[in-house]
Amino acid sequence: MNEEKDLIERAKKGEHTAFNLLAKKYIERIYWHARRMLGDHSDSDEITQEVLIVLYNKLYTFNFESNLYTWIYKITTTRCLNLLRKKSIQRFFSFDNFEDIGDCGNFEDNLIEDMENREKIKQIDKALQTLPVKQRQVFVLRHYDGLSYEEIAEITGNKVGTLKANYFHALNKVIERVK
C-alpha cells in the first residue's frame, strides 16, 4: 500500500494526524489553483478553507476510483465556479506572484527585467479575462496545474475531445491578444 493510500485510510478512520498530513500535502496546491481561477487572495484563502472542510467531512466517501489529487481539484474547481457565479465575476486570474530577483546581477537590470515581466503578465492576464469560462477553466487546469486531459475530464465532466478543442482555442486567443 502506498503512503498516500495509507494516510487516506487512517484519516477515514478518524486519525487527525493522518488528515493533517494530507491537508499539508495539498493546501498550497488548492490555494494556488483557486488563486488562478479567482484572482483574489481572500477568496482563494476562503475556498482553500472550504475545500479542506469538505475534504475532512467527505473523505470517507473517497473510493480510490481516481487519485486524491484529481478529487480535490474537482472539489476546488466546483467551489471556485460556484463563487464566481455567485459574485458574477468575469475574471479568473491574477499573476501577482513573481519569483524573487535574488542577489545576482545588477539591480537596475533586474528591476527593468522584472518590470518587463510584469507587463507581459498583465497582458496575458487581460487576454485570459476575455476567454469564455470553459476555455479559461481548461487553460488553468492544463497550463498552470499541469493536469492531463483525462484528469480534467474527470474534474469537469466534459469529453477529452471537447477539452482539447477548448484549450486549443484558448491558447490561440491568448497568443493573438498578447501580440
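**Exercise 1. The protein as a whole**

Task: Find what share of the contacts with a separation of 6 or more joins residues 24 or more positions apart, and then describe the overall make-up of the protein.

Solution: Residues 24 or more positions apart account for 65% of the contacts in the protein with a separation of 6 or more. The model in which these contacts are counted is a predicted one. The next step is to look at the elements: the protein has eight helices and zero strands, and along the sequence this reads as the pattern α-α-α-α-α-α-α-α. Turning to the surface, the accessible area of the protein comes to about 10,800 Å², and carbon and sulfur atoms hold 49% of that area. Of the 179 residues, 39% count as buried.

**Exercise 2. The nonpolar core**

Task: State which residues touch the most other members of the largest nonpolar core, and which helix gives the largest share of this core.

Solution: The largest nonpolar core has 45 residues, and within it Leu-55, Leu-59 and Leu-68 touch the most other members. Two or more residues of this core come from each of helix H1 (3–12), helix H2 (16–38), H3, H4, helix H5 (107–129), H6, helix H7 (149–156) and helix H8 (160–178). The largest share, ten residues, is given by H4. As background, nonpolar side chains tend to be buried together in soluble globular proteins. A last step is to follow one of the core residues: when residues up to four places away in sequence are not counted, Leu-68 touches Glu-4, Ile-8, Leu-22, Tyr-26, Leu-55, Leu-59 and Phe-62.

**Exercise 3. Helix H1**

Task: Identify the buried residues of H1, and explain why they line one face of the helix.

Solution: The buried residues in H1 are Glu-4, Leu-7, Ile-8 and Ala-11. Seen down the helix axis, the buried residues of H1 fall within an arc of 100°, and therefore they line one face of the helix. The two ends of H1 can then be examined in turn. At its start, a side-chain oxygen of Asn-2 reaches to within 3.2 Å of the backbone nitrogen of Glu-4, while just after H1 the residue Gly-14 takes a positive phi of about 95°.

**Exercise 4. Ser-44 in helix H3**

Task: Decide whether Ser-44 is buried or exposed, and list the residues that it touches.

Solution: Ser-44 has its place in helix H3. Its relative accessibility is 0%, and because buried means under 20%, Ser-44 counts as buried. Leaving out residues up to four places away in sequence, Ser-44 touches Tyr-31, Ala-34, Arg-35 and Leu-38.

**Exercise 5. The loop between H3 and H4**

Task: Locate Asn-63 and Phe-64, and work out how each should be classed by accessibility.

Solution: Asn-63 is placed in the loop between helix H3 (41–58) and helix H4 (68–87), and Phe-64 lies in the loop between H3 and H4 as well. Partly exposed covers what falls between the buried limit of 20% and the exposed limit of 50%. With a relative accessibility of 46%, Asn-63 counts as partly exposed, and Phe-64, at 27%, counts as partly exposed too. For the side chains, a polar contact of 3.1 Å joins Asn-63 to Glu-65. For the backbone, Phe-64 has a phi near 65°, which is a positive value in a residue other than glycine.

**Exercise 6. Helix H6 and the loop after it**

Task: Compare the reach of H6 with the expected one, and then describe the surroundings of Asp-145.

Solution: Helix H6 (residues 133–144) has twelve residues, and from its first C-alpha to its last it reaches 16 Å, close to the 16 Å expected at 1.5 Å a residue. Its buried residues include Gln-135, Arg-136 and Phe-139. In the loop between H6 and H7 we find Asp-145, which is buried at a relative accessible area of 12%. The side chain of Asp-145 makes a polar contact of 2.5 Å with the side chain of His-33. With neighbours within four places in sequence left aside, Asp-145 is in contact with His-33, Arg-36, Tyr-69, Tyr-73 and Val-140. Just after H6, Gly-146 takes a positive phi of about 70°.

**Exercise 7. Ile-175 in helix H8**

Task: Find how far apart the C-alpha atoms of Ile-175 and Ala-127 are.

Solution: Ile-175 has its place in helix H8, and at 42% relative accessibility this residue counts as partly exposed. Ile-175 and Ala-127 are 48 residues apart along the chain, and their C-alpha atoms are separated by 8.3 Å.

Key:
Residues numbered from 1 in each chain as written. Predicted model: local features only at pLDDT ≥ 70, side-chain atom pairs only at ≥ 80, totals over all residues. Heavy atoms only, no water. Helix = DSSP H or I, 4+ residues; strand = E, 2+ residues; numbered from the N terminus. Expected span 1.5 Å × (residues − 1). Buried < 20%, exposed > 50% of the residue type's maximum accessible area, 1.4 Å probe, protein only. Contact = heavy atoms within 4.5 Å. Areas by Shrake-Rupley, 256 points an atom, 1.4 Å probe, with all protein chains shown as cover. Polar contact = N/O pair within 3.5 Å; in protein donor to acceptor, adjacent residues only side chain to side chain. Core = buried A, V, L, I, M, F, W, Y, C linked by side-chain atoms within 4.5 Å. Arc of directions from axis to C-beta.
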